[in-house]
Amino acid sequence: MPVGGLVPQAIDDAAELVVRNAKIHTGDPNRPQAEAIAVRSGVITVVGDDKDVAPHIGAATKVVDALGRRMIPGLNDAHLHVIRGGLNYVLELRWDGVPTLRQALAMLREQVARTPKGQWVRVVGGWSTEQFAERRLPTVAELNAASPDTPVFVLHLYQSAVLNRAALKAAGFDKDTPDPSGGQIVRGRDGEPTGMLLAAPSALVLYATLAKAPVLEGEDRKISTRHFLRELNRLGLTSAIDAAGGFQNFPDNYSTVIELAKAGQLSLRIAYHLFPQTAGQEIADLTRWIEMARFEDGDEWLRLNGAGENLTWAAADFENFNQPRPEHAPDYEVEFEKAVRLLMENGWGFRLHATYDETIRRDLAVFEKLAAEGLFPAGNRWLFDHAETVSAASLDRVAALGGAMSVQNRLSFQGEAFLRRYGPGRAADAPPIRAMLERGLTVAAGTDATRVSSYNPWVALHWLVSGRGVGDVVLRPRTNRVDRQTALRMFTCVGAELTGEEKVKGVLRPGCYADLAVLSEDYFTVPEPAIAHIESLLTVTGGRIVYAAGEYEGLDEELPPVTPAWSPVAHFGGYQASRPTGVHQAESLGEAVAESEQHRAWRIARGLNPDTAGTPFDPCFDL
């Protein structure tokens, strides 16, 4: 049908999709702005205006009017645990974006009522006490009251977990359960577990407990993953680099995305890494994987991007900023060097989890030793992840060795804990993004979702631009922030550099993948606080409309219903869309006041406070 004067032509090589009347930020310095785009066979064929795309519109071309909205290249999360997240997505109650603990507990109580016997209610990452008006964790008593019989597991970052009585029983914790290495089971005066688990500083006690909960199997895993990818598409994501992680075994836990890729059912491009799971067995695992697969095996939808984010367990540090920096074994370099040497000799790239400069310096010494032998980096891509306390000297060494950096907004969610432990001076440079960029380093950005940060990339973009966490505390000064265009590059074309796809991904120009998002608000002009609340209204990956909302609802591909039917996602969805700032703040304060009144009543009932009902709070008003 004619749209704004665009009449279909009788042509053989017509575009399959045209999006017009848009404010397009292309990311291409040769043509930074445009109004229309045409797509054929999953690739952009034309970028320009109506007169440029008009000759490519045929009878079967789908023409979408963007109604003057902002279009950007599809976002690319450079560090997301998307494979593990997809396997569990529909089982998890998401508190991402929930403004008050009161609302979070109401959601939990509602979910308990629909969860069948034998299943758990689990809240796993994406939130922080810093986002709640009440500024605190739920108590064990609150979880017991909300769910006397159904196990409840609430993970708070990589710091702690709160379990109700039923979850302690289901997980097998009792008076005789020993504390795991690097973790603590908090106990009452009778020696029984209270329901609080602490990473001290290792989060393995938290992982291991969560692993005892029921899991999905077969088709349910595929449905869960497809709905998680759709949720990411809702936020404008079209690509992600999976950083692997604990309890993510290859090839078993990768089989779901492999099968979806074969069926053409991925709506997000995934480049994945492989992470040795068993301490002492890392070299054997890496050797086996090198024999099984080649670096960059796959296609534009699913491809192997190397090893990491751990190569050996002994070299890993932990990012629990409520605890002191962990001390490594004095000789971890022996096995670590073997792992790096093996990868370099076989042409595999890698990424490394490294929170602290102390870890980064020791790793760099190994790389420099291999470089002196002519083995490093040998043309292979490599990078450090996180790097909150990396020093200027270490960044110089990374640059000299041809490395890259990938930063995540972990401090959006635990920045205040970092601030308390290390002070404002250290927090101002955590991580030193501007110093990285000034050295010409490739610096990509991601979220590190789903067990710490939220998977919402706009929360991360807001953190990059504003320096603020989810509690609105300023953590980084202007001297260590980036402008909006730089932040967007870090979430698009720079991420593509980490997978060797910068010539075809992250930019809207002819010959590149047709990956794009039409936004609910103009990222470049909305007030800074509103950046975190942007969503996509139309997301296209490889020329396919993979998410559509608002005026475009119904244009996207149909998904099977969420299963199981009692899934939290079926009822609440994923990230909780927020309201305008003023309304949000007023409602949050109102709910916090109600929570405070309930707490006062609880103390009065137990004789801990005098009953002053009817007495003015301030005697000055007692007239």
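Okay, let's start with contacts, meaning heavy atoms within 4.5 Å. Of the contacts in this protein with a separation of 6 or more, 74% are between residues 24 or more positions apart.

Before I go on, some housekeeping. This is a predicted model, so local features need pLDDT of at least 70 and side-chain atom pairs count only at pLDDT 80 or more, while totals for chains, interfaces and linings use all residues. Residues are numbered from 1 along each chain as its sequence is written, and side-chain values use heavy atoms, with hydrogens and water left out.

Right, the overall picture. We've got 19 helices and 23 strands; those are DSSP runs numbered from the N terminus, H or I with at least four residues for helices and E with at least two for strands. The radius of gyration is 25 Å, close to the 25 Å that the globule rule gives for 623 residues, so the protein is as compact as a globular protein of that length. That radius is taken over C-alpha atoms, and the rule is 2.2 Å times the number of residues to the power 0.38. If you want a box around the C-alpha atoms, make it roughly 85 × 70 × 50 Å along the principal axes.

How much of the protein is buried? Buried residues make up 57% of the 623. Buried here is under 20% relative accessible area, exposed is over 50%, and partly exposed is in between, with a 1.4 Å probe and protein chains only. The accessible surface comes to about 24400 Å², and 52% of that belongs to carbon and sulfur atoms. Those areas are from the Shrake-Rupley method with a 1.4 Å probe, and for residues only the protein chains shown count as cover.

On charge, there are 63 positive and 79 negative side chains, with the centres of the two sets 2 Å apart. Lys and Arg count as positive, Asp and Glu as negative, and His and the chain ends are not counted. Each charge is placed at NZ of Lys, CZ of Arg, CG of Asp or CD of Glu.

Now the sheets. For pairing, DSSP has to find at least two bridges between two strands. One open sheet has six strands in the order S3-S2-S7-S21-S22-S23, with mixed pairing. Its edges are S3 (33-34) and S23 (544-548), each pairing on one side only. At the S3 end, S2 (residues 23-25) runs antiparallel to S3 with two bridges, and His-25 has Gln-33 as its bridge partner.

Just before S2, in the loop that comes after S1 (17-20), sits Asn-21. Its phi is near 55°, which is positive for a residue other than glycine. Asn-21 is partly exposed, at 33% relative accessible area. Compare His-386, in strand S18 (residues 382-386). That one also isn't a glycine and has a positive phi of about 80°, but His-386 is buried at 1%.

Next up is S11 (residues 160-163), covered on both faces: Ser-160 and Val-162 on one side, Ala-161 and Leu-163 on the other, all buried. Which strands does S11 pair with? One is S10 (residues 152-156), antiparallel over four bridges, with Phe-153 opposite Leu-163. S10 and S11 make a hairpin with three residues between them, and Leu-157 in the turn has a positive phi of about 55°. Another is S13 (residues 193-199), again antiparallel, over three bridges; there Ser-160 partners Leu-198.

For a parallel pair, look at S19 (residues 404-408) and S20, joined by four bridges, with Val-407 opposite Ala-445. In S20 (residues 443-446), Val-443 and Ala-445 point one way, Ala-444 and Gly-446 the other, and all are buried.

Follow the chain out of S20 into the loop before H15 (457-466) and you reach Thr-450. The peptide bond from Ala-449 to Thr-450 is cis, with omega near 20°. There's also a cis bond from Thr-563 to Pro-564, omega near 0°, and Pro-564 is in the loop between S23 and H18 (568-572).

Last stop, Pro-276, in the loop between S15 (269-274) and H9 (282-292). What does Pro-276 touch, leaving out residues up to four places away in sequence? The list is Glu-282, Asp-285, Leu-286, Trp-289, Asn-310, Leu-311 and Trp-313. At 1% relative accessibility, Pro-276 counts as buried. And its C-alpha is 40 Å from that of Ala-549, 273 residues apart along the chain.
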